[in-house]
Amino acid sequence: MKLSVFGTGYVGLVSGACFAELGHEVICVDIDEEKIEGLRNGVMPIYEDGLKEIVDRNYANGNLKFTTLPAEGVTESDIIFIAVGTPSDNEGGADLSAVEAVVESIAENINDYKIVVDKSTVPVGTGDWVEEMIEEQKEADYEFDVVSCPEFLREGTAVDDTMNPDRVVIGTESEKAAEVMDELHQDFEAPILHTDRYSAEIIKYAANAFLATKISFINEIANICERTGGNVQEVAKGIGSDHRISDKFLRAGVGFGGACFPKDTKAIVSTAAEHGYDFKIVDSTVEVNEAQKKTLVNKLRQEMSDLEDKKIAVLGLSFKPNTDDMREAPSRTVVKQLLDDGAEVKAYDPVAMEEAEKIFGDSIEYSEDAYDAIDDTEAVILVTEWDEFQNLDLDRVKELLNNSLFIDGRNCYEPEKMKEQGFTYYSVGRKAINVK
Ligand SMILES: NC(=O)C1=CN([C@@H]2O[C@H](COP(=O)(O)OP(=O)(O)OC[C@H]3O[C@@H](n4cnc5c(N)ncnc54)[C@H](O)[C@@H]3O)[C@@H](O)[C@H]2O)C=CC1
Ligand SMILES: O=C(O)[C@H]1O[C@H](OP(=O)(O)OP(=O)(O)OC[C@H]2O[C@@H](n3ccc(=O)[nH]c3=O)[C@H](O)[C@@H]2O)[C@H](O)[C@@H](O)[C@@H]1O
């Protein structure tokens, strides 16, 4: 089949490359000339396991093309995917300006029957809006259908998630479009769920809001464990063994970040408010998360009342391991708190250093590796659970640290082991060790 994908970010590039890998002819369109030029030369704009191999292979065999010309994407494809960003606007809703720009290009260049598939995360009713815009603006009288096909991939495992989805949601009332979409997805061994367009649009926000709520819920249980005794990991195992609850997304930590949970939780609260409904649970999820991001430095403050001019090591900057994405990363809150308190920050991340530098500039020191970051500091704060931070040589860490203070935002170490090693150790929802 002939497809085009507008937006070559995490969703567009990965989806485009995976469809090309399955034998379809795919044109990826982006307004970012540098990105497109890079992709033509094998330079990936994002860090994603396995992506470069399939992009290079399919670019070489001609299944995958890159262009900055919207007309090419519209005229030379039968199915047009919209996969541009939908960041938060000033009121917490979704900014649809990039979607609007793509839709204008579609209306301007439509040259046959097209299926316009929205893969960007957009508020319920956006499909209607897209349909109306194309209808009003189209320059030639061709038919088209607008389908909602939300994306559920995770960063860090994007290729695998795209190739092996739990389900594919196809939201449309057009039988013709549904048939074509079924055929397009036949190679994925995943159940296909047909819904109306509104339901498909809501499914995406409901899924993210539910998962985010699970995280805030377990983080609140962790906060209770810290005050009452108890170990949040055991509690998570105990409740997660119930299939109705499941053990997924019950890792307590420093709060959720990333390009989607923060913006999508706010957006669904905003959509509800626009329709006169106060979405209390998700509103609290957001509030709990904001507070959770601050808990690590609050623990540090308990041990060190004055952080002025104190050097602190921060391990992990990306919002989760295996990505260089710094959007809404909890590390940003941690670093800000430390700098506001007058501390000096030495940071290290295996892949997000370049992205981090765009945000923190020269306000922090960038280290060569974890040990270099820890050297001559008063405390370590572990923010992102990269594999290499889960197996640190603790004797060496102890030797390099001026104080033996270790704050573990992801429960990477066992409190008993840290006690034996002589650390003052704080984690999340578990007993603190050797504390003041
Ligand atoms: N990042 C993720 O893990 C997931 C994201 N989503 C949703 O997918 C959408 C895209 O997200 P990402 O891929 O993360 O965004 P991104 O920011 O990585 O990429 C968006 C791309 O769109 C391009 N773009 C902007 N305007 C354009 C236009 N008029 N024509 C062509 N290209 C244009 C940008 O230059 C950029 O390369 C969002 O709605 C997001 O909520 C959904 C599931 C997973
Ligand atoms: O809409 C999106 O963009 C995507 O958002 C999330 O994917 P992603 O943000 O890539 O990463 P997750 O693995 O979900 O993690 C999100 C955040 O939650 C945190 N998290 C996750 C799980 C957990 O148990 N505890 C926890 O704190 C992570 O550290 C991270 O900061 C969803 O998992 C995807 O299904 C969805 O497609």
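What covers the buried residues of H14? That is where I'd start with this one, bearing in mind that we are looking at a predicted model.

1. Helix H14 covers residues 330–340, and its buried residues are Pro330, Ser331, Thr333, Val334, Val335 and Leu338. The cover over them includes two helices, H13 (295–303) and H15 (353–360), along with strands S9 (311–315), S10 (344–348) and S12 (379–382). Just past the helix, look at glycine 342: H14 is followed by this residue, and its phi is positive, near 85°.

2. Now turn to H13, which is part of that cover. In this helix the buried residues are Thr295, Leu296, Val297, Lys299 and Leu300; yes, a lysine is on that list. They pack against H12, H14, S12, S13 and strand S14 (424–426). So S12 turns up twice, because it helps cover the buried residues of H14 and the buried residues of H13 pack against it as well.

3. A word on the annotation here. UniProt, in an unreviewed entry, lists residues 313–415 as "domain: UDP-glucose/GDP-mannose dehydrogenase C-terminal". In the model that stretch is 35% helix and 17% strand, and its end C-alpha atoms sit 20 Å apart.

4. The H9–H12 pair deserves a look. H9 runs over residues 197–228 and H12 over 280–292; their axes come within 9 Å and cross at roughly 50°. That angle makes H9 oblique to H12, and the crossing is left-handed. On the H9 side the contact is made by Ala209, Ala212, Thr213, Ser216, Asn219 and Glu220; on the H12 side the residues are Ile281, Val282, Thr285, Val288, Asn289 and Gln292. Sorted by class, the contact has 5 nonpolar, 6 polar and 1 charged residues. As for the spacing along each helix, an α-helix has 3.6 residues a turn, so residues three or four places apart point the same way.

5. Next, the "active site" record. UniProt's unreviewed entry gives Cys260 for this feature. In the model, cysteine 260 is found in the loop between helix H10 (232–240) and helix H11 (261–274). Is this residue buried or exposed? Cysteine 260 has 25 C-beta neighbours inside 10 Å, so it counts as buried. Leaving out residues up to four places away in sequence, cysteine 260 touches Thr121 and Asn208.

6. The "binding site" feature, also from the unreviewed UniProt entry, is placed at Asp30, Lys35, Thr86, Thr121, Glu155, Lys263 and Arg327. These positions span 298 residues of sequence and are spread in space too, with up to 24.1 Å between C-alpha atoms.

7. Threonine 121 is one of those positions, and it links back to point 5 through its contact with Cys260. It lies in the loop between strand S5 (114–118) and helix H6 (126–137). With 23 other C-beta atoms within 10 Å, threonine 121 is buried. Beyond its neighbours within four places in sequence, threonine 121 is in contact with Thr86, Pro150, Lys204, Cys260 and Asp264. Of these, Thr86 is also on the UniProt binding-site list.

8. Aspartate 30, another listed position, is in the loop between strand S2 (25–29) and helix H2 (33–40). It counts as buried because it has 24 C-beta neighbours inside 10 Å. Not counting residues up to four places away, aspartate 30 touches Gly7, Thr8, Lys35, Ile36 and Thr68. Lys35 is on the binding-site list too.

9. Two non-glycine residues with positive phi are worth checking. Aspartate 376 has phi near 65° and sits in the loop between helix H16 (370–374) and S12. Asparagine 411 has phi of about 50° and lies in the loop between strand S13 (405–408) and helix H19 (415–420). As for burial, aspartate 376 counts as exposed with 12 C-beta neighbours inside 10 Å, whereas asparagine 411 counts as buried with 21.

10. Last, methionine 418 in helix H19. This residue is buried, with 21 other C-beta atoms within 10 Å. Setting aside residues up to four places away in sequence, methionine 418 touches Phe406, Tyr413, Phe423, Tyr425 and Ile433. For a sense of scale, methionine 418 and alanine 71 are 347 residues apart in sequence and 60 Å apart in space, C-alpha to C-alpha.

Terms used
Residues are numbered from 1 along each chain as its sequence is written. Chains are lettered from A and ligands numbered from 1 in the order in which they are written. This is a predicted model: local features need pLDDT of at least 70, side-chain atom pairs count only at pLDDT 80 or more; totals for chains, interfaces and linings use all residues. UniProt positions are given in the numbering used here, feature names are shortened, and annotations may be inferred rather than shown by experiment. Helices (H or I, at least four residues) and strands (E, at least two) are DSSP runs, numbered from the N terminus. Axes are lines fitted to C-alpha atoms, for helices over the stretch in contact, and angles run from 0 to 180 degrees between N-to-C directions. Angles under 35 degrees count as roughly parallel, over 145 as roughly antiparallel, 65 to 115 as roughly perpendicular and the rest as oblique. A crossing is left-handed if the near helix is turned anticlockwise from the far one by less than a right angle, and right-handed if clockwise. Two residues are in contact if their C-beta atoms, placed from the backbone, lie within 7 Å. Ala, Val, Leu, Ile, Met, Phe, Trp, Tyr, Cys and Pro count as nonpolar, Asp, Glu, Lys and Arg as charged, and the others, Gly among them, as polar. A residue is buried if 20 or more other C-beta atoms lie within 10 Å of its own, exposed if 12 or fewer, and partly exposed in between; C-beta atoms are placed from the backbone.
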